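Trainee: Please pick one local feature of this model and look at it closely. Then work outward from there to the empty space and the packing of the chain.

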Amino acid sequence: MTRIRRPPRVGNVYAMLTVTAALWGAASGLLVPRAAYRFSVDPEHDWRGTCPAGHALTGAAGGWLGSTRCAACAAAVPVAATATGTTAPPTVSGPRTAAARYAPGVLMPVVTALACAVLAAATGPRPELFVWLLLAPVGVLLATIDHRVHRLPDQLTLPAAAAVTALLGVAALLPHHAGNWVSGLLGGAALGGFYFLLFLINPNGMGFGDVKLALSLGVALGWYGWTVLFAGGFAGFLLGAVYGFGLMVLGRAGRKTGIPFGPFMITGALLGILLGGLAA
């Protein structure tokens with residue numbers, strides 16, 4: 001007698017999906033630290049090509065993929081001579097580690113893994129989840145760069161806007177999606193237009209990079225409708241206001257002190273997408 005297999009429980013599917021997404025986030029997050037280091041430059045430069053000591057960054061994809069430890073710097077650290085005349089690494093590994101590593105390599109993969117995990121848990125097995133998982137590492141990368149140098153590179157913001165628009169267009173053609181592509185396009189135009197208006201009113205307080213970032217975030221939030229767009233956009237402003245107020249209370253900033261707004265925009269968008277995924 002042939003047994004009829006029952007479909008797996010929904011809870012098991014979500015659990016497997018969440019774990020898989022977390023693993024993807026951890027793996028893709030490993031690529032973020034080096035890219036963040038390379039893009040964290042002044043606006044007049046595109047990116048770095050060397051480590052802090054001046055050694056050329058080597059590796060796959062023209063040096064964009066690889067660890068945050070410079071092999072040339074590590075090799076340049078002098079070794080200690082032993083009594084027998086042989087050489088050995090120094091007993092204190094601090095100088096060697098400090099000379100070799102030029103960017104933190106743990107925090108960003110962890111943040112990316114957590115972001116992907118919660119996105120999978122909230123969205124479930126819907127086609128738009130593929131889009132969110134691809135955008136999560138880019139969001140962590142942009143937030144890191146803006147936090148370091150108050151800059152959102154065009155090389156990332158503009159392709160991200162085009163990618164989220166195209167990928168959600170594909171997701172809209174697949175079954176079981178929970179959003180609307182036209183609503184996403186209108187959301188991108190609305191949020192981008194709003195940030196552009198803020199830029200015109202106060203260019204010193206709102207950078208044009210924020211305007212370009214708002215295009216992709218607006219499309220992602222608008223996918224789930226106007227309520228999610230408003231909630232995600234407002235959350236970003238609220239988080240930024242709380243951060244700025246906290247700096248003022250601590251005496252570390254004044255009313256005219258510029259703060260990186262990109263991390264709060266991205267965090268607010270993440271919260272909005274989670275809300276939209278749970279409510280869909």
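Mentor: A61 counts as exposed because its relative accessibility is 51%, and the cut-off for that class is over 50%. The model is a predicted one, and the values that follow are computed from it. A61 belongs to helix 3, and its phi is near 55 degrees, a positive value in a residue other than glycine. Most residues other than glycine have a negative phi. H150 is another non-glycine residue with a positive phi, about 55 degrees. H150 sits in the loop that joins helix 7 and helix 8 (154–171), and its relative accessible area of 48% makes it partly exposed.

P43 comes before helix 3, in the loop between helix 2 (32–39) and helix 3 (60–63). With a relative accessibility of 65%, P43 is classed as exposed. Its C-alpha atom is 8.2 Å from that of P153, although 110 residues separate the two along the chain.

That leads to the fold as a whole. The chain has twelve helices and two strands, arranged along the sequence as α-α-α-α-β-β-α-α-α-α-α-α-α-α. Of the 280 residues, 41% are buried. Among contacts with a separation of 6 or more, 71% are between residues 24 or more positions apart.

Next, helix 9. It runs over residues 181–201, and at 1.5 Å a residue its 21 residues should span 30 Å; the end C-alpha atoms are 30 Å apart, so the expected and modelled spans agree. Its buried residues are S183, G184, G187, G188, L191, G192 and Y195. Viewed down the helix axis, these buried residues fall within an arc of 155 degrees, and therefore line one face of helix 9. V182, A189, L200 and I201 are exposed on the other side. The partners of the buried residues of helix 9 are helix 10, helix 11 and helix 12.

Two of those buried residues, L191 and Y195, also help to line an enclosed space. Rolling a probe the size of a water molecule over the atoms shows where empty space is left. Here the count is one cavity of 30 Å³ or more, and the largest cavity has a volume of about 40 Å³. Its lining consists of L191, Y195, L217, L221, G232, G233, G236 and M265. Helix 9, helix 10 and helix 11 each give two or more residues to that lining, and helix 11 gives the most, with three. By class, the cavity lining has five nonpolar and three polar residues, with no charged ones.

Helix 10 also holds S216, which counts as buried because its relative accessibility is 8%, against a cut-off of under 20%. Leaving aside residues up to four places away in sequence, S216 touches A160, A161 and V164.

The open spaces come last. The largest pocket has a volume of about 800 Å³. It is lined by 30 residues, and those nearest its centre are G205, M206, G207, D210 and I259. Helix 10 (208–222) and helix 11 (226–249) are the elements that give two or more residues to this lining, with the largest share, four residues, coming from helix 10. The lining of the largest pocket divides by class into 13 nonpolar, ten polar and seven charged residues.

The second largest pocket holds about 660 Å³ of space. Of its 28 lining residues, A136, G139, V140, A143 and I266 are the closest to its centre. At least two lining residues come from each of helix 6 (107–123), helix 7 (128–149), helix 10 and helix 12 (262–279). Helix 7 has the largest share, with eleven residues. This lining is made up of 22 nonpolar residues, five polar and one charged.

Helix 10 therefore recurs in this account: it packs against the buried residues of helix 9, and it gives two or more residues to the lining of the largest cavity. Helix 10 also supplies the largest share of the lining of the largest pocket and at least two residues of the lining of the second largest pocket.

Technical notes. Residues numbered from 1 in each chain as written. Predicted model: local features only at pLDDT ≥ 70, side-chain atom pairs only at ≥ 80, totals over all residues. Heavy atoms only, no water. 1 Å grid on protein atoms, 1.4 Å probe; cavity = no way out; pocket = protein on both sides within 12 Å on 5 of 7 lines; lining within 4 Å. Points joined across faces, edges and corners; volume = space filled by probe spheres on them. Nonpolar A, V, L, I, M, F, W, Y, C, P; charged D, E, K, R; others polar. Expected span 1.5 Å × (residues − 1). Buried < 20%, exposed > 50% of the residue type's maximum accessible area, 1.4 Å probe, protein only. Arc of directions from axis to C-beta. Contact = heavy atoms within 4.5 Å.
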